[in-house]
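Q: Could you take a close look at the part of this protein where the ligands are held, and walk me through what surrounds them?

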Amino acid sequence: MSDGTVSPAALVARAARRGVGTLALTDHDDTGGLAEAAAAALEHGIRFINGVEISVTWQAQTIHVVGLGIDPDHPVLQNGLAATRSGRIDRAKRMAAAFDGLGIHGTFDGAAALAGNPRMISRTHFARYLCDTGKVKNVKDAFRHWLGEGRPCNVDQEWAGLGDAVSWINASGGVAVIAHPARYRLERPQLRMLLSAFVDAGGAALEVVAGSRQQGQYAMFARYANEFGLAASCGSDFHSPLESRDLGGLPPLPAACEPVWQRLGLD
Ligand code: AMP
Ligand code: MN
């Protein structure tokens, strides 16, 4: 429902084919796909966890905080997500203006057409549009040249506060997880500050095994999780068969970790 290319039901079917036993759907800032995914999970015999991935700004950096086991109908969570989504269309217009300035026109309409869900227009849709129109050869290159942090068409956005996002997740009965910690440009002391602030806010877990750019660092993040009393989660970060590592392909959590699903009462 945010920036995946596969429908929730098709995603669950794909996970089942790939041998996944437990799955959370975690759209960015939106829970509109959960009912469809839950119904498909029932059909395929997969254990399903309601999820969301909230965009957070912490010390001028974008951090993603996943909520697992949330109640998608909880008003505190829904109000928070609506507020978090609200700046996306304006931001997309500013990104399009930056592309216009570089002589690349039509990106707003192009990205919006790919978004399907206009309230969730994201950099990924711009990247896909640039791919489809032959401006870059893949999504990664679009981020490398234009859309990544510090690149000319990235527009920083003030997302939710860290404490706010964690409190919305907790209010709705979920547990909060810091997603893909290897992805942030944080030196170790800053990462410790983030984890400490997250724990103080009521955060529960760290994504120790992640699909994107984290291979080789699992043991290090397992140590951080244990040091800060955080449980560990495992996230594929699957967005698309063409762009992502596939579902069900990640190694198990390191043995020293407490799996996050135990905090959800699952074995
Ligand atoms: P947004 O919420 O609009 O800032 O877009 C965030 C999305 O951009 C996330 O779903 C990421 O998967 C994607 N993204 C961010 N950086 C990169 C990158 N370097 N390569 C590919 N995708 C990226
Ligand atoms: Mn993310």
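A: Here is a walk through the ligand surroundings, followed by a few residues elsewhere in the chain.

Keep in mind that this is a predicted model. Let's start with ligand 1. It has eleven residues around it, and the closest are D3, H28, R88, R91 and R123. If you sort the shell by character, you get six charged residues, four polar ones and one nonpolar one.

Three of those closest residues are worth picking out for their polar side-chain atoms. D3 puts one at 2.7 Å from an oxygen atom of ligand 1. H28 has one at 2.8 Å from an oxygen atom of the ligand, and R123 likewise places a polar side-chain atom 2.8 Å from a ligand oxygen. On its own, ligand 1 has 500 Å² of accessible area, and the protein covers 85% of that. As for which elements do the surrounding, helix 4 (88-101) and helix 6 (123-132) are the ones that give two or more residues to the shell.

Now zoom out to the domains. Domain 1 is made of 8-86 + 159-263, while domain 2 spans 90-147. Both of them give residues to the shell, so ligand 1 lies between the two.

Next comes ligand 2, the manganese ion. Its protein donors are E53 through OE, H64 through ND1 and H180 through NE2, at 2.0 to 2.3 Å from the ion. Along the chain, these donors follow the spacing E-x10-H-x115-H. H64 sits in strand 3 (residues 61-68), whereas H180 is in the loop that runs between strand 4 (175-178) and helix 9 (188-201), so this pair ties together parts that are 116 residues apart in sequence. Both histidines, H64 and H180, are buried.

The loop between strand 4 and helix 9 also holds L186. With a relative accessible area of 16%, L186 is buried, because the cut-off for that label is under 20%. The C-alpha atoms of L186 and Q61 are separated by 8.8 Å, though the two residues are 125 residues apart along the chain.

Then have a look at D29. You'll find D29 in the loop between strand 1 (22-25) and helix 2 (34-44), and it is buried, at a relative accessible area of 0%. Its backbone is worth checking too: phi of D29 is near 55°, a positive value in a residue other than glycine. The side chain of D29 makes a polar contact with the side chain of S55, at 2.8 Å. That partner, S55, belongs to strand 2 (residues 47-58), and at 2% relative accessibility S55 counts as buried as well.

A positive phi turns up at D237 too, where the value is near 60°, again in a residue other than glycine. D237 is located in the loop between strand 6 (231-235) and helix 11 (260-263).

One last stop is A111, in helix 5 (residues 107-115). A111 is buried, its relative accessible area being 0%. Measure out to R151 if you like: A111 and R151 are 40 residues apart in sequence, and their C-alpha atoms are 18 Å apart in space.

To pull the two ligand sites together: ligand 1 lies between domain 1 and domain 2, and the manganese ion has E53, H64 and H180 as its protein donors.

Notes: Residues are numbered from 1 along each chain as its sequence is written. Chains are lettered from A and ligands numbered from 1 in the order in which they are written. This is a predicted model: local features need pLDDT of at least 70, side-chain atom pairs count only at pLDDT 80 or more; totals for chains, interfaces and linings use all residues. Side-chain values use heavy atoms; hydrogens and water are left out. Donors are N, O and S atoms within 2.8 Å of the metal (3.2 Å for Na, K and Ca); water is not among the atoms, so sites may look incomplete. Helices (H or I, at least four residues) and strands (E, at least two) are DSSP runs, numbered from the N terminus. Buried means under 20% relative accessible area, exposed over 50%, partly exposed in between (1.4 Å probe, protein chains only). A residue is near a molecule or strand if one of its heavy atoms lies within 4 Å of it. A polar contact is a pair of N or O atoms within 3.5 Å; within protein, one must be able to donate a hydrogen and the other to accept it, and residues adjacent in sequence count only if both atoms are side-chain atoms. Accessible areas come from the Shrake-Rupley method with a 1.4 Å probe; for residues, only the protein chains shown count as cover. Ala, Val, Leu, Ile, Met, Phe, Trp, Tyr, Cys and Pro count as nonpolar, Asp, Glu, Lys and Arg as charged, and the others, Gly among them, as polar. Domain bounds come from an automatic or database domain assignment.
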